[in-house]
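Hello,

Here is the structure I promised to pass on. Please open it and keep it beside you as you read my notes.

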Amino acid sequence: MSDEHCRFSAPALLRLLSWLSPAFPMGAYSYSHGLEWAVEGGYINDRKSLVDWLEADLCYGSGRNEAIFFGEAWRCALENDREKLFEIAELAAAFRGTSEFALESSQQAAACLSTLRQVWPDSLLDWLSETLRQHRIQPALAVVLGVRSATQAISASLALPAYLQSYIANLTTAGVRLVPLGQTDGQLAIAELEQAVLAASAEAKGKTIDDLGSASFMVDLASSAHETQYTRLFRS
C-alpha cells in the first residue's frame, strides 16, 4: 500500500486539524526553538529576518530532520514494521542538538501521546508508548504524529506539510510576541513560508534516516545561548 492509495474520511481530516490546532494541549506556545535569544541578539528584528531564520531551520535544520522522522514513522506504521519503528523512535529521541531542544520535543510529544491515547485510542500508539517506557526513551512529536496519521489513513502528502505548517506557525507566533510584530505581519510571514513548507515536505518524501543532518548551526547556537539567557519568556 502506498501513499497514493490512502483515502481518508472527513472525520479523519477533522482529527488532523484537531491534532495540529493551537487548542491541542501540548504546550507548544511555551517554546520558541531558540528564537528568543535570536531576537535578543539582534539576529531577528523584523518580518524578513524572521522568515529567513525559519526558512533556514525548516529546509536545512531541525525542521528538515523532523520531516524525515515523520515520513519514516508514517511508513513504518503503514507497514506495521514495529522493529524499525522502534529504531526510528529511539533515534528521533536522541537526535537533538541541545538540552532545550530535547525538552521541547519530549514534553510536547509526551503530552500529545497521552491525549491521543485517551481521546483517539490506537493500538500501535499504545504499543509505542509502552515500548518507549520500558526502554526509558522519551517520545518525539514527529514520530507520534506520523504514526497516528498513518493509522488514521491520512496521506503523508497531506499530513507532513500540515505538520510542518503547524511547526512554522507556532514559531511565527513566538516571533510576533518577541520582536514584536503585528498580527498581520505574522500572517504574511506564514504565507511567505508556504513554498518552503511544500519544498521541505517534497524533499523529505524520499529520504530515510541515512539522510539526516543539519546545516543550520546558528539555530543550535541560539538554543544553547538561550539556556543561560537572563530574562526568558519561553522554555526554549
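**Aromatic residues**

W19, F24 and W120 form one aromatic cluster. Please bear in mind that this is a predicted model. Searching the whole structure gives 5 aromatic pairs.

Take F24 and W120. Their ring centres are 6.4 Å apart and their planes meet at 25°, so this pair is stacked. Stacked pairs need planes under 30 degrees apart. The two residues come from distant parts of the chain, 96 residues apart. F24 lies in the loop between helix 1 (10-19) and helix 2 (35-40). W120 lies in the loop between helix 6 (99-119) and helix 7 (123-134). F24 counts as buried, at 8% relative accessibility. W120 counts as buried too, at 16%.

Now look at F69 and F95. Their ring centres are 5.9 Å apart, with the planes at 75°, so this pair is edge-to-face. This pair also links distant parts of the chain, 26 residues apart. F69 belongs to helix 4 (residues 62-79). F95 sits in the loop between helix 5 (82-94) and helix 6. Are these two buried or partly exposed? F69 is buried, with a relative accessible area of 1%. F95 counts as partly exposed, at 32% relative accessibility.

**The overall fold**

Step back to the whole chain. How many helices and strands does the chain have? There are 12 helices and 0 strands. The radius of gyration is 17 Å, close to the 18 Å that the globule rule gives for 236 residues, so the chain is as compact as a globular protein of that length. Along its principal axes, the C-alpha trace spans about 45 × 35 × 35 Å.

Of the 236 residues, 51% count as buried. Now consider the contacts with a separation of 6 or more. Residues 24 or more positions apart account for 83% of them.

**The nonpolar core**

The largest nonpolar core has 72 residues. Which of them touch the most other members? They are L35, L116, V143 and V147. Helix 9 (residues 156-178) gives this core its largest share, 11 residues.

Try selecting V147. Leaving out residues up to four places away in sequence, V147 touches A73, A77, L85, L124, L125 and L128.

Then move to L113, in helix 6. L113 counts as buried, at 6% relative accessibility. Beyond its neighbours within four places in sequence, L113 is in contact with L125, S129, P139 and V144. L125 is thus on the contact lists of both V147 and L113. You can also check a distance here. L113 and Q138 are 25 residues apart in sequence and 11 Å apart in space, C-alpha to C-alpha.

**A buried charge**

One last residue: E36, in helix 2. E36 is buried yet has no salt bridge. Which side chain of opposite charge is nearest to E36? That is R232, 5.9 Å away. A salt bridge would need a side-chain nitrogen of Lys or Arg within 4 Å of a carboxyl oxygen. Even so, R232 is among the residues that E36 touches. The others are L178, H226, Q229, T231, L233 and F234, again not counting residues up to four places away in sequence.

Best wishes

Terms used: Residues are numbered from 1 along each chain as its sequence is written. This is a predicted model: local features need pLDDT of at least 70, side-chain atom pairs count only at pLDDT 80 or more; totals for chains, interfaces and linings use all residues. Side-chain values use heavy atoms; hydrogens and water are left out. Rings of Phe, Tyr and Trp (its six-membered ring) pair if their centres lie within 6.5 Å; planes under 30 degrees apart count as stacked, over 60 as edge-to-face and the rest as tilted. Helices (H or I, at least four residues) and strands (E, at least two) are DSSP runs, numbered from the N terminus. Buried means under 20% relative accessible area, exposed over 50%, partly exposed in between (1.4 Å probe, protein chains only). Lys and Arg count as positive and Asp and Glu as negative; His and the chain ends are not counted. Contact means heavy atoms within 4.5 Å. A nonpolar core is a set of buried Ala, Val, Leu, Ile, Met, Phe, Trp, Tyr and Cys residues joined through side-chain atoms within 4.5 Å. The radius of gyration is taken over C-alpha atoms; the globule rule is 2.2 Å times the number of residues to the power 0.38.
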